[in-house]
Structures are given as structure tokens and as C-alpha cells.
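User: Could you walk me through this model, one piece at a time? I'm new to this, so please explain the terms as they come up.

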Amino acid sequence: MDETEPEVNTSIQMERTALDAKKFAPSTGAALDKPQPCPPAASESRWPLSPARPELARDEIHAWCAVLDELASDLPAFAETLSAGERQRAERFQFDRDRKRFIVRHGLLRMILGRYLNIEPARLSFTCESRGKPALAGTLDGRTLHFNLSHSDGLALFAVARRFALGVDVERIRPIPEIDQIAGKFFSARESAMLKALPAEQKLEAFFNCWTRKEAYLKATGEGIADALAQIEVSLVPGPTAQLLNIAGDAREASSWSLHPLAPAPGFTGAVAVKARDSKLACWRWPEKFPAAGTIR
Ligand SMILES: CC(C)(COP(=O)(O)OP(=O)(O)OC[C@H]1O[C@@H](n2cnc3c(N)ncnc32)[C@H](O)[C@@H]1OP(=O)(O)O)[C@@H](O)C(=O)NCCC(=O)NCCS
């Protein structure tokens, strides 16, 4: 999460800020003065635009990406679909840009889920597991969906499945001055060694591959990243495949999961972790504009 929500200040969030570029800044603090990178344009994503009604098969995972700032002109329409609780959360953001991004991504989440369930977005309600993982509430006529979302620097990523628990994470690939020290703290010894052995031009991407793959798994279980990052071992070398290697030393447990690497837009990397040995993935890009009435629920 790359935004300020001052009222919520758990130790977990403080732990999470380890990935914040500010915390990685060298002692000179020079990196703090750098301007924020611009989010990508949606058109830079190589993911195809979604069909009006994508079919989600029982063994499939669908991932969606969206550039939140491009959808901000439709803010009132997104805001209308939110619950009172979501609106209160939105109001707590210190910065206007972060408040708008929150409204758009939660409105989008409702639209995406509503599309699969054939339910008006505003009629969906959510509940939270013990460590904050959101889930759909209510019986929904016996149907439900597993979902998770992540965002980084204005890019949102959503993942949806009918049958499998899943977690998703995305990060902008950005400079990290003390990359080996950070890896030493949060990665396993094997991951740190793999990272060190890579040529300089692959290191940053590999670092963020590693981070997002671990976090995707810890979001799939709902545990969060507080204590367990170093206990999850993943592959990290840039390429078209990804693998969960170990979960707290248990390679057998790891093999009952699948891990899909995601490249939603240039300069971003992510992953979706799925509690299933095999799962098929389809990736979609959200249209730039709020869909015309009647094309989406
Ligand atoms: C979940 C967590 C890894 C997210 O970190 P992040 O990289 O900053 O944020 P991301 O953008 O990837 O994901 C945020 C989204 O994940 C979802 N989420 C929140 N808690 C989650 C959890 N425990 N597991 C899975 N998903 C979670 C939410 O949809 C959230 O979106 P929102 O803030 O717009 O509502 C981190 O906040 C964490 O470890 N939380 C655990 C908190 C905890 O242990 N709480 C105990 C007391 S409640």
C-alpha cells in the first residue's frame, strides 16, 4: 500500500513500510527528494481489454488490472456503489489522490465481482477475516467468489476465482539502495543467495518478484506479512514461470499451490498465489472509461 491512512496505524503496516522507498533511502535521505514516478497509462498494459461478460470457468483465475487515476473522472459513479463503511474509510485519507484511488478501486472491485455474480455492485456486502482479508458476505443464492486485490503507485490488480482461495500482490519496480540488506532481513538464505548471484540488470526485478510472490501467498492464506515473509520460499529469477518452493520448510505443502507471475504494465511486477495444484489464468485490462449503462452491472 503506498498511501497514508493516518487513523490506521498497526504494527503490521509499519512492518509493511519496509517496502516503502522512503525507508530504503540511504542515510543522506537523497531518495526522499525524488519526484513520485508517474503511473502508467492503461494503454501501456499489454493485457487485453476484457470482453463484456468474461466467463470464469471452475478451474480458472481471472486477473484484472486498472490504472486508477484514469478512472477518477467517474468518481461519483464509483462512490455511489460503496457502503457507508467504505465511504468512511475513504474520508480518512489525508491526500485527495489517495482518497480518489481508494474509491475507484473499491468501486471497481464491486463492479468486477458484480459482473461475475450478476448482482448490482452496490448490493454486494463484505466481511473481514481475523487479519483483515476481505471476503463476500451473505449467501448470494449459494454462489460465491474468492477474490483479492492489491495496488501500487496507482495501478490496481484484482484476482477472482470460483473455487480456490487466492492472494494477489503488485509492486512498481523501483530503485532500492540497500537491496542485499533488505533481502537479508525479509528473504530466506537461499533467496538472498539467488538474488546476489544475479547480474545487476536483473536484480531489482528479481527482488520485487520475490517480494510479491511471498506476499501473494500470505494474502491467499489471509495471514499477512507480519511474521512470515522469510518462511515462504519462492523462485525469483525474471521469466515466464514462478514457483512456491517451501512453506515453513515444507516443500510438499508448497507443491499443493500454484503461483502465477504477473506483468500487468511496464515497470510493474506481481503474482497471484492459488490454493490449487493447477489453475489456468486469464488476464484482463479494465476499460479506460466508466462503462456505458447496460454494458456492466
Ligand atoms: C494484507 C497486507 C499484506 C497488505 O499489504 P500491502 O502490500 O500494503 O497492500 P496491497 O495493496 O497489496 O493489498 C491491500 C488489500 O489487501 C486486502 N487485504 C487486507 N488484509 C488482508 C489480509 N490479511 N490478507 C489478504 N488480503 C488482505 C484488502 O483488500 C486491501 O485493500 P484495501 O486496503 O483497499 O482494503 C498487509 O496489510 C498485512 O500484512 N496485513 C495483515 C494485518 C494483520 O495481521 N492484522 C491483524 C489485526 S486486524
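**Helices, sheets and one proline**

Analyst: Helix H6 (residues 179-186) and helix H7 (residues 189-197) pack at an angle of about 160°, and their axes are 8 Å apart. Axes here are lines fitted to C-alpha atoms, for helices over the stretch in contact, and angles run from 0 to 180 degrees between N-to-C directions. Helices (H or I, at least four residues) and strands (E, at least two) are DSSP runs, numbered from the N terminus.

User: Is this a predicted model, and what should I know about the numbering?

Analyst: The model is predicted, so local features need pLDDT of at least 70 and side-chain atom pairs count only at pLDDT 80 or more, while totals for chains, interfaces and linings use all residues. Residues are numbered from 1 along each chain as its sequence is written.

User: Back to H6 and H7: are they roughly parallel or antiparallel?

Analyst: Their angle makes H6 roughly antiparallel to H7; angles under 35 degrees count as roughly parallel, over 145 as roughly antiparallel, 65 to 115 as roughly perpendicular and the rest as oblique. On the H6 side the contact is made by Asp180, Ala183 and Gly184, and on the H7 side by Glu191, Ser192, Leu195 and Lys196. Two residues are in contact if their C-beta atoms, placed from the backbone, lie within 7 Å.

User: What kinds of residues are in that contact of H6 with H7?

Analyst: They divide into two nonpolar, two polar and three charged, where Ala, Val, Leu, Ile, Met, Phe, Trp, Tyr, Cys and Pro count as nonpolar, Asp, Glu, Lys and Arg as charged, and the others, Gly among them, as polar.

User: And how do H4 and H5 cross?

Analyst: The axes of helix H4 (residues 84-91) and H5 come within 8 Å and cross at roughly 155°, which makes H4 roughly antiparallel to H5. Glu86, Arg89 and Ala90 of H4 meet Arg99, Phe102, Ile103 and His106 of H5, and the residues of this contact divide into three nonpolar, one polar and three charged.

User: Okay, sheets now. Which strands form the sheet of four?

Analyst: That open sheet has the order E4-E5-E1-E11, with mixed pairing, and two strands pair if DSSP finds at least two bridges between them. Strand E4 (146-152) and strand E11 (280-285) stand at the edges with a single partner strand each, so one side of each is left without a neighbour in the sheet. E4 and strand E5 (residues 155-161) pair in the antiparallel sense over seven bridges, and helix H5 (residues 96-117) packs on the sheet, touching strand E1 (60-67), E4 and E5.

User: What about the sheet with three strands?

Analyst: Its order is E6-E10-E9, it is open, and the pairing is antiparallel. The twist averages 15° from one strand to the next. Five bridges join E9 to E10, and Pro261 stands opposite Ala271 in E10. Helix H8 (residues 200-220) lies across E6, E9 and E10, running at about 150° to E6.

User: Where is Pro264, and is it buried or exposed?

Analyst: Pro264 is in the loop between strand E9 (258-262) and strand E10 (268-274). Pro264 is buried because 25 other C-beta atoms lie within 10 Å; a residue is buried if 20 or more other C-beta atoms lie within 10 Å of its own, exposed if 12 or fewer, and partly exposed in between, with C-beta atoms placed from the backbone.

User: What does Pro264 touch?

Analyst: Leaving aside neighbours within four places in sequence, Pro264 is in contact with Ser45, Trp47, Cys65, Leu155, Leu157, Val170 and Gly270. Pro264 and Glu44 are 220 residues apart in sequence, yet 9.1 Å apart in space, C-alpha to C-alpha.
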